[in-house]
Amino acid sequence: MIDLRSDTVTKPTEEMRRAMYEAEVGDDVYVEDPTIAKLEELAASQLGKEAALFVTSGTQGNQIAVLTHCQPGNEVLLEEDAHIFYYEGGAISAFAGVQTRTIKGQRGAISPSDLKNAIRGDDVHFPETGLICIENTHNRAGGAVVPIDNMKEIYELALEHNIPVHLDGARLYNAATSLGITVNQLAQYTTTVQICLSKGLGAPVGSIIAGDKEFIERARKWRKRLGGGLRQAGVIAAPGIIALTRMADRLHEDHEHAKQLAEGISSIPALKVVNQVDTNIVVVNVRSSGFSTEEVLSKLKDEGVLAVGFGAETIRLTTHHHITKSEIDRVLTILNKQFG
Ligand code: TLP
């Protein structure tokens with residue numbers, strides 16, 4: 001199977017498996033796991049933050065950030081297709097008791113003037129704006145890179161209004177790779193950031209939240225409350241260290257493969273690539289093929305290719321470190337055969 005459903009499907013590398021086997025461990029609820037400590041220090045330093053916390057998933061990291069930043073009854077501003085709003089099971093309302101106010105963005109980027117209009121003033125009727133969330137790269141915008149100038153403007157606006165900015169950076173290393181800058185440069189315009197170790201970076205599990213020391217200590221308590229206090233979890237933190245030190249440098253290959261895929265698809269009239277491919281995600285509208293999304297996915301599966309539905313008429317194909325150039329050639333041959 002050529003699995004293009006997500007970059008979450010990657011399996012740990014040999015080096016990761018060795019690191020897991022050899023990891024020094026301790027009880028992390030007592031903050032005694034040296035491997036977790038090493039991962040957290042490394043992540044904090046790459047992201048230019050004082051401290052970091054290892055959490056089980058991107059969703060858990062984002063939710064802990066919302067819980068730590070906000071009070072029940074606060075309003076959270078976020079892009080209308082943000083993962084935190086669209087894909088996290090309503091956790092933000094269920095657990096943090098906040099309400100969401102979504103803003104339509106341009107390729108995942110919220111315009112600072114729209115954001116400014118959405119920030120609540122001081123009025124007895126209004127909720128307080130407790131948090132602004134941004135996402136880079138933006139998943140539903142097709143892995144779009146949110147420009148650093150946009151992040152800077154949003155951060156400056158937020159500072160003026162004393163509102164924290166949380167970045168869902170599940171694929172921040174993809175954004176940095178595409179821009180040719182460091183994750184630190186992007187994260188400087190945030191109060192807190194969540195990055196996933198288990199997407200393009202290929203670790204089997206885990207995310208990081210980073211911010212100032214005081215925030216991370218409160219986040220640690222929220223993680224415990226949510227049942228996320230882990231014990232000898234150095235065995236799962238160890239591959240995260242490999243992810244941060246070895247895997248980011250190769251992300252450009254995934255981006256090249258996604259571009260190769262999109263270019264090939266653009267010569268098939270029945271299929272339409274709907275996103276500008278900045279990183280490792282290609283979104284394809286299949287309406288003109290005459291088949292439904294489900295039918296397209298099932299035809300591809302019969303030919304040994306997996307993708308996911310991404311809306312009424314669209315499918316998503318995501319490249320990652322198991323996908324080679326010749327597999328992209330093969331996927332294009334199959335697409336031509338079925339829909340060309
Ligand atoms: N995204 C997954 C699915 O949930 C859709 C995927 O296959 O792309 N933020 C962003 C921007 C994400 O894309 C994801 C996962 C998460 C957060 C959540 O991470 P996990 O899956 O670790 O909870």
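**Exercises on a predicted model**

Val 31 lies in the loop between helix H1 (14–22) and helix H2; helices (H or I, at least four residues) and strands (E, at least two) are DSSP runs, numbered from the N terminus. The structure is a predicted model, in which local features need pLDDT of at least 70 and side-chain atom pairs count only at pLDDT 80 or more, while totals for chains, interfaces and linings use all residues. Residues are numbered from 1 along each chain as its sequence is written, and side-chain values use heavy atoms, with hydrogens and water left out.

**Exercise 1. Unusual backbone angles**

Describe the phi angle and the exposure of Val 31 and of Asn 162.

*Solution.*
Step 1. Val 31 is not a glycine, yet its phi is positive, at about 55°.
Step 2. The relative accessible area of Val 31 is 53%, and this residue is exposed. Here buried means under 20% relative accessible area, exposed over 50%, and partly exposed in between (1.4 Å probe, protein chains only).
Step 3. Asn 162, also a residue other than glycine, has a positive phi near 60°. Asn 162 belongs to the loop between H7 and S6.
Step 4. Asn 162 is exposed, with a relative accessible area of 71%.

Locate the cis peptide bond between Asn 136 and Thr 137.

*Solution.* The bond joining these two residues has an omega of about 0°. Thr 137 is in the loop between strand S5 (129–135) and helix H7 (148–160).

**Exercise 2. The open sheet**

State the strand order of the open sheet and identify its edges.

*Solution.*
Step 1. The order of the seven strands is S2-S8-S7-S6-S5-S3-S4, with mixed pairing. Two strands pair if DSSP finds at least two bridges between them.
Step 2. Strands S2 (51–55) and S4 (99–103) each have a single partner strand, so they stand at the edges, and one side of each has no neighbour in the sheet.
Step 3. From one strand to the next, the twist averages 20°.
Step 4. Within the sheet, strand S6 (residues 165–169) runs parallel to strand S7 (residues 192–196), and four bridges join them. Gly 169 is placed opposite Ile 195 in S7.
Step 5. Helix H2 (residues 34–47) lies across S2, S7 and strand S8 (207–211), at about 125° to S2. Axes are lines fitted to C-alpha atoms, for helices over the stretch in contact, and angles run from 0 to 180 degrees between N-to-C directions; contact means heavy atoms within 4.5 Å.

**Exercise 3. Aromatic rings**

Classify the pair formed by Phe 291 and Phe 339 and explain which parts of the chain it ties together.

*Solution.*
Step 1. The whole structure holds three aromatic pairs. Rings of Phe, Tyr and Trp (its six-membered ring) pair if their centres lie within 6.5 Å; planes under 30 degrees apart count as stacked, over 60 as edge-to-face and the rest as tilted.
Step 2. Phe 291 and Phe 339 are 6.1 Å apart centre to centre, with 70° between the planes, and the pair is edge-to-face.
Step 3. Phe 291 is in the loop between strand S10 (281–285) and helix H13 (293–302), whereas Phe 339 is in helix H14 (residues 325–339), so the pair links parts 48 residues apart in sequence.
Step 4. Phe 291 is partly exposed at 30% relative accessible area, while Phe 339 is buried at 6%.
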